[in-house]
Amino acid sequence: MSKEFLKGAGAEADLEVNPPSWYDQNGVELLLGERAAQIIPDARMLRLENDALLPYSKLLIATGAQPRRLNVPGADLEGVHSLRRLEDSVALRSALAAGDRRVAVVGTGWIGLEVAAAAREYGNQVTVLGRHTTVLRQLEPALGDVFRRALEAEGVAFRLGCHPVEFVRSPQGDGVAAAVLNTGERIAAETVVVAVGVEPDTHLAEEVRIPVRNGIVTDASLRTRIADVYAAGDVASSLQPFTGDHVRSEHWSNALNGGKVAARSMLGQEARLDLAPYFYTDQAGLSMEYSGYWQLVHGAELVLRGSTATAEAAREGFVALWVRDGALVGGMNVNVPRQQKAIKALIASRARLDQRRLADPSVPLAELAGL
């Protein structure tokens with residue numbers, strides 16, 4: 001919803017997990033507009049907000065996450081958007097599509113930069129606001145700068161090391177007119193997008209004392225501490241067999257693969273969520289794919305195939321590889337397609353690599369991975 005659909009390249013039907021007819025055809029009872037209120041483990045019941053009770057033999061919590069909101073004056077003004085649900089993307093696309101508007105994006109993560117790129121493609125004046133002095137803080141500053149420079153080349157402005165303390169109402173109505181920063185600067189904006197992360201929706205687990213630590217704690221098979229209750233997706237902090245710690249991943253590949261693991265586990269089959277997190281982005285002429293473990297990549301040795309010294313060099317393509325204790329723990333390809341199969345295989349293998357050959361662009365990664 002922050003990629004093709006927001007840019008107007010996709011229809012709402014393209015975002016459906018399954019067509020409406022799929023549920024009846026596959027014996028799935030779908031209750032829309034019904035909110036789960038309470039798990040009753042001893043009775044194996046789920047209570048809905050209308051007090052109806054649903055019996056279960058296995059229960060999966062997949063409640064996702066909610067956008068963080070800014071607790072500043074004017075945060076509820078018309079024209080201040082977040083991006084999480086379909087209706088959010090529809091409303092934001094409508095606001096951006098006319099073009100020639102002033103747009104402020106609060107947040108310098110992947111979602112914020114994707115929204116900024118889409119807003120600029122529509123011909124809007126775009127300013128990105130960031131609390132920190134670098135963007136994409138999961139990456140080394142030099143790699144984050146690749147994406148910042150690409151967006152700047154498209155006309156996106158950045159105000160870093162600052163944050164909004166107020167959104168100002170338009171004199172003509174209830175809409176937003178500007179963001180006031182902690183520096184005193186005033187950024188004119190008829191559209192504001194707040195993209196400062198999400199919080200997992202863990203209330204169902206908390207009420208029955210399922211452990212919660214930045215998400216519902218599960219084992220590698222997505223089982224919680226309570227028998228026959230599982231969690232998957234953005235809400236789950238699952239044991240990562242590769243690293244031995246608990247990880248909560250907000251990327252679509254986690255939902256895709258975690259759903260399958262949860263299903264198999266709930267059916268009594270052996271299944272573990274042990275794939276390296278994966279995500280991608282396409283923005284400002286850069287097509288990027290990434291696989292890896294953030295907690296291992298942080299502080300690891302960076303091996304670069306290609307150059308990021310200039311915007312032009314980066315657009316020609318490069319591959320960033322992170323090595324810890326001689327083995328690959330993460331890899332990112334930018335404008336160099338068809339690298340992820342080899343990167344994922346190298347990570348999974350845990351094999352110690354020849355650093356000289358790893359750094360040599362003439363040696364295909366597939367050859368190193370034995371593919």
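Two strands are said to pair if DSSP finds at least two bridges between them. Helices (H or I, at least four residues) and strands (E, at least two) are themselves DSSP runs, numbered from the N terminus. The structure described here is a predicted model, in which local features need pLDDT of at least 70, side-chain atom pairs count only at pLDDT 80 or more, and totals for chains, interfaces and linings use all residues. Residues are numbered from 1 along each chain as its sequence is written, and side-chain values use heavy atoms, with hydrogens and water left out.

One open sheet is formed by 3 strands in the order S15-S17-S18, with mixed pairing. S15 and strand S18 (246–247) stand at its edges, and each has a single partner strand, so one side of each is left without a neighbour in the sheet. Between S17 and S18 the pairing is antiparallel and comprises 2 bridges; Leu239 has His246 in S18 as its bridge partner.

The loops on either side of S15 deserve attention. Asn214 lies in the loop that runs from helix H5 (203–207) to strand S15 (216–218). Its phi is near 50°, a positive value in a residue other than glycine. Beyond S15, Ser221 is found in the loop that leads to strand S16 (229–231). Ser221 has a relative accessible area of 7% and is therefore buried (buried means under 20% relative accessible area, exposed over 50%, and partly exposed in between, with a 1.4 Å probe and protein chains only). Leaving aside neighbours within four places in sequence, Ser221 is in contact (heavy atoms within 4.5 Å) with Tyr230, Val261, Ser265, Ala271 and Arg272.

The next topic is the empty space in the model. On a 1 Å grid over the protein atoms alone, a cavity is a set of points where a 1.4 Å probe fits but cannot get out, whereas a pocket is an open set with protein on both sides within 12 Å along at least five of seven lines; lining residues have an atom within 4 Å of a point. Grid points are joined across faces, edges and corners, and a volume is the space filled by probe spheres set on the points. The structure holds 1 cavity of 30 Å³ or more. The largest cavity encloses about 30 Å³ of space, and its lining consists of Leu222, Ala232, Gly233, Ala236, Ser238, Asn254, Gly258 and Leu273. S17 and H6 are the elements that give two or more residues to this lining. By class, the lining of the largest cavity has 4 nonpolar, 4 polar and no charged residues (Ala, Val, Leu, Ile, Met, Phe, Trp, Tyr, Cys and Pro count as nonpolar, Asp, Glu, Lys and Arg as charged, and the others, Gly among them, as polar).

The second largest pocket contains about 430 Å³ of space. It is lined by 22 residues, of which the closest to its centre are Asp274, Leu275, Ala276, Pro277 and Tyr293. Strand S17 (236–239), helix H6 (252–266) and helix H9 (340–349) each supply at least two residues of this lining. The lining of the second largest pocket has 12 nonpolar, 6 polar and 4 charged residues.

Another open sheet has 5 strands in the order S19-S20-S23-S22-S21, paired in the antiparallel sense. Its edge strands are strand S19 (278–283) and strand S21 (301–305), each of which pairs on one side only. From one strand to the next, the twist averages 15°. Helix H3 (residues 110–121) packs on this sheet and touches S19 and strand S20 (286–292); the direction of H3 makes about 25° with that of S19 (axes are lines fitted to C-alpha atoms, for helices over the stretch in contact, and angles run from 0 to 180 degrees between N-to-C directions). S21 is joined to the antiparallel strand S22 (residues 318–324) by 5 bridges, and Val303 has Leu321 in S22 as its bridge partner.

Lower residue numbers bring the reader to a hairpin. Strand S1 (residues 36–40) runs antiparallel to S2, and 4 bridges join them; Ala36 is partnered by Leu48 in S2. The hairpin of S1 and S2 has 4 residues between its strands, and Arg44 in the turn has a positive phi of about 50°. Asp51, in the loop between strand S2 (45–48) and strand S3 (53–55), also has a positive phi, of about 75°, although it is not a glycine. With 53% relative accessibility, Asp51 counts as exposed.
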